[in-house]
Amino acid sequence: MFFDWLGALPGASAQGMVWGIMAIGVYLTYRILDLADLTVDGSICTGGAVCAVLVTNGVNVWLAMLAALAAGLLAGLITGVLHTFMGIPAILAGILTQLMLWSINLKIMGKANIALPIRKYELLLAQIKVVQSILVLLAVVAVLIAVLYWFFGTELGTSLRATGNNQNMSRAQGINTDFTKILGLVLSNGIVAFAGALLAQYQGFADINMGRGAIVIGLAAVIIGEAVVSRISQNFAVRLCGVIIGGVIYYYVYQTVIFLGLDADLLKMLSALVVAIFLAAPYWKKKYFSKPHHAKGGEDHA
């Protein structure tokens, strides 16, 4: 049984890296922009749907993935406009876009499921080609992190980070915070949809339900990744690598749950509990474990 578990780890690594790429999109809104965006449950399916439809109609897989990326950018734009132009809170704007995408994804695919067998189509990833899939994913991750590291070092990227840190101060410095919010949501959902295109190829199909619970997996990867790399470095590229590692660790746990014979249907509930505990940890630490601070110089006397 132990060797069977070891044999399943390469596949878990590949799938964890795909979800880690998706989690980078979640990281951009949750950690950098400080917004709770639920669009991702729909946009990851949109990316998979667009990629699957185009590939099955003879389009080159690279062009199909670029189209999936563009579809995700558009989904993020919709959420951004709902939030900034229409004044809808970000979490509700994401839910509304997610609901829209359910219908849109069904229209894109024309049905609930589209098969993408590796034996019939030229794909970059496949479960039966795990080593190739891991190498491709490593290259994708390296390019993605390099591009994001460069972008967030530019003036525009710095403005986006400033918006997430302090909107009022950013406005006082002349930053158009509505634009930077939209930009962050666009980038996030573009990456998520791109991950959806990779996921559809790896699992061999695109399905209308493939994004259900994606936000929980993304948050789990972000939280786990931060716990892993927080003591190593606060460098932005290292933190993004940590998100990928978090996705891989999540799927190692998933694989372990399966091999231990536990009910896999409960995994998302366990993931939600883990995320809740990690999110509560800073609050608990501050409230229950921090020592009270005393004023320097002792007590004041009347």
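**Entry 1: largest pocket**

I began with the largest pocket, whose volume comes to about 430 Å³. I note that the model is predicted. I counted 18 lining residues, and those closest to the centre are L69, L144, V147, I191 and F194. I then asked which elements give two or more residues to this lining. They are α3 (61-84), α5 (130-151) and α8. I found that α5 gives the most, with nine residues. By class, I get 17 nonpolar residues, one polar and no charged in this lining.

**Entry 2: second largest pocket**

Next I took the second largest pocket, at about 360 Å³. I find 17 residues lining the second largest pocket. Nearest its centre lie W19, I217, Y251, Y254 and K268. I looked up the elements that give two or more residues here: α1 (2-32), α8, β2 (205-207), α10 and α11. The largest share comes from α10, with three residues. I sorted this lining into ten nonpolar, three polar and four charged residues. For the charged class I wrote down four here, against none in the lining of the largest pocket. I also marked α8 as a contributor of two or more residues to the largest pocket and to the second largest pocket.

**Entry 3: α6 against α8**

I turned to α8 (residues 177-203) and its packing with α6 (residues 155-165). How are two packed helices described? By the angle between their axes and the distance between the axes. For this pair I have an angle of about 100° and axes 9 Å apart. I therefore call α6 roughly perpendicular to α8, because the angle falls in the range of 65 to 115 degrees. From α6, the contact uses L156, S159, L160 and T163. From α8, I list T177, F179, T180, K181, L183, G184 and L187. By class, I record five nonpolar, five polar and one charged residues in this contact.

**Entry 4: D265**

Last, I checked D265. Where does D265 lie? I place D265 in the loop between α10 (236-259) and α11 (267-289). Both of these helices appear among the elements that give two or more residues to the lining of the second largest pocket. Is D265 buried or exposed? I read a relative accessible area of 70% for D265. D265 therefore counts as exposed, since the cut-off is over 50%. I also compared D265 with N209. They are 56 residues apart in sequence. In space, the two stand 15 Å apart, C-alpha to C-alpha.

Conventions
Residues are numbered from 1 along each chain as its sequence is written. This is a predicted model: local features need pLDDT of at least 70, side-chain atom pairs count only at pLDDT 80 or more; totals for chains, interfaces and linings use all residues. Side-chain values use heavy atoms; hydrogens and water are left out. Helices (H or I, at least four residues) and strands (E, at least two) are DSSP runs, numbered from the N terminus. Buried means under 20% relative accessible area, exposed over 50%, partly exposed in between (1.4 Å probe, protein chains only). Axes are lines fitted to C-alpha atoms, for helices over the stretch in contact, and angles run from 0 to 180 degrees between N-to-C directions. Angles under 35 degrees count as roughly parallel, over 145 as roughly antiparallel, 65 to 115 as roughly perpendicular and the rest as oblique. Contact means heavy atoms within 4.5 Å. Ala, Val, Leu, Ile, Met, Phe, Trp, Tyr, Cys and Pro count as nonpolar, Asp, Glu, Lys and Arg as charged, and the others, Gly among them, as polar. On a 1 Å grid over the protein atoms alone, a cavity is a set of points where a 1.4 Å probe fits but cannot get out, and a pocket is an open set with protein on both sides within 12 Å along at least five of seven lines; lining residues have an atom within 4 Å of a point. Grid points are joined across faces, edges and corners, and a volume is the space filled by probe spheres set on the points.
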